[in-house]
Amino acid sequence: MCEICRCTPCMPGCPNYEPPKTNKKCSFCGDYICIGEEYVTNYEGEYAHLDCLDCSSSDMEWLGVKIEIGDKE
């Protein structure tokens, strides 16, 4: 049980809260992709957070890259 929020697991407002993650890891920052985060996959099967790339969603759509959202697997 958390000493701050008194919950197991911690609630989203707690400083000890960690969002649930997928088993996919971003090739740029090295962090796991959390559930609800936007990411893309390249032709080699590598993943990247959309925020780690220097492109907007509309740029990715124009390039024909499908933007996915992290979910439970």
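## A tour from the cysteines to the sheet

Start by selecting Cys10: its relative accessible area is 19%, so this residue counts as buried. Keep in mind as you go that you are looking at a predicted model.

**Stop 1: the cysteines**

Stay with Cys10 and add Cys2 to your selection. How far is the sulfur of Cys10 from the closest cysteine sulfur? The distance to that sulfur, in Cys2, is 3.6 Å, which is too far for a bond because a disulfide needs the two sulfur atoms within 2.5 Å. Now bring in Cys14, which takes part in no disulfide either. Its nearest cysteine sulfur also belongs to Cys2, at 3.7 Å. Cys14 has a relative accessible area of 9%, so it is buried. You can stop hunting for bridges of this kind, as a search of the whole structure turns up 0 disulfides.

**Stop 2: the sheet**

Next, switch to a cartoon view and select residues 38-41, which make up strand S3. Add strand S4 (47-49) and strand S5 (68-69). Together these 3 strands build an open sheet with antiparallel pairing. In which order do the strands lie? Reading across, the order is S4-S3-S5. Strands S4 and S5 are the edges, each pairing on one side only. Look along the join between S3 and S4, where 3 bridges link the two strands in the antiparallel sense.

**Stop 3: Tyr39**

Now pick out Tyr39, which sits in strand S3. Is Tyr39 buried or exposed? Its relative accessible area is 2%, so it is buried. Show every residue it touches beyond four places in sequence and you will see quite a list, including Lys24, Ile33, Tyr47, Leu50, Lys66 and Ile69. Zoom in on Lys24: its side chain and that of Tyr39 are joined by a polar contact of 2.9 Å. For another distance to check, the C-alpha atoms of Tyr39 and Asp51 are 8.0 Å apart, although the two residues are separated by 12 residues along the chain.

**Stop 4: two rings**

Keep Tyr39 on screen and display Tyr47. The whole structure holds 1 aromatic pair. The ring centres of Tyr39 and Tyr47 are 5.8 Å apart and the ring planes meet at 75°, so the pair is edge-to-face. Tyr47 is partly exposed, because its relative accessibility is 24%.

**Stop 5: His49**

Move to His49 in strand S4. Across from it stands Tyr39. The relative accessibility of His49 is 8%, so it counts as buried. Turn on side chains and find Glu37, whose side chain makes a polar contact of 3.1 Å with the side chain of His49. Other contacts of His49 from beyond four places in sequence include Cys26, Cys29, Asp31, Tyr32 and Ile33.

**Stop 6: the nonpolar core**

For the last view, select Cys26, Val40, Ala48, Leu50, Leu53 and Met60. These 6 residues form the largest nonpolar core. Which residues does Ala48 touch, not counting those up to four places away in sequence? Ala48 touches Cys26, Val40 and Leu53 from this core, and also Phe28 and Tyr39. That brings you back to Tyr39, the buried residue of the third stop.

Methods:
Residues numbered from 1 in each chain as written. Predicted model: local features only at pLDDT ≥ 70, side-chain atom pairs only at ≥ 80, totals over all residues. Heavy atoms only, no water. Pairing = 2+ DSSP bridges. Helix = DSSP H or I, 4+ residues; strand = E, 2+ residues; numbered from the N terminus. Phe/Tyr/Trp six-rings, centres within 6.5 Å; stacked < 30°, edge-to-face > 60°. Buried < 20%, exposed > 50% of the residue type's maximum accessible area, 1.4 Å probe, protein only. Polar contact = N/O pair within 3.5 Å; in protein donor to acceptor, adjacent residues only side chain to side chain. Contact = heavy atoms within 4.5 Å. Core = buried A, V, L, I, M, F, W, Y, C linked by side-chain atoms within 4.5 Å.
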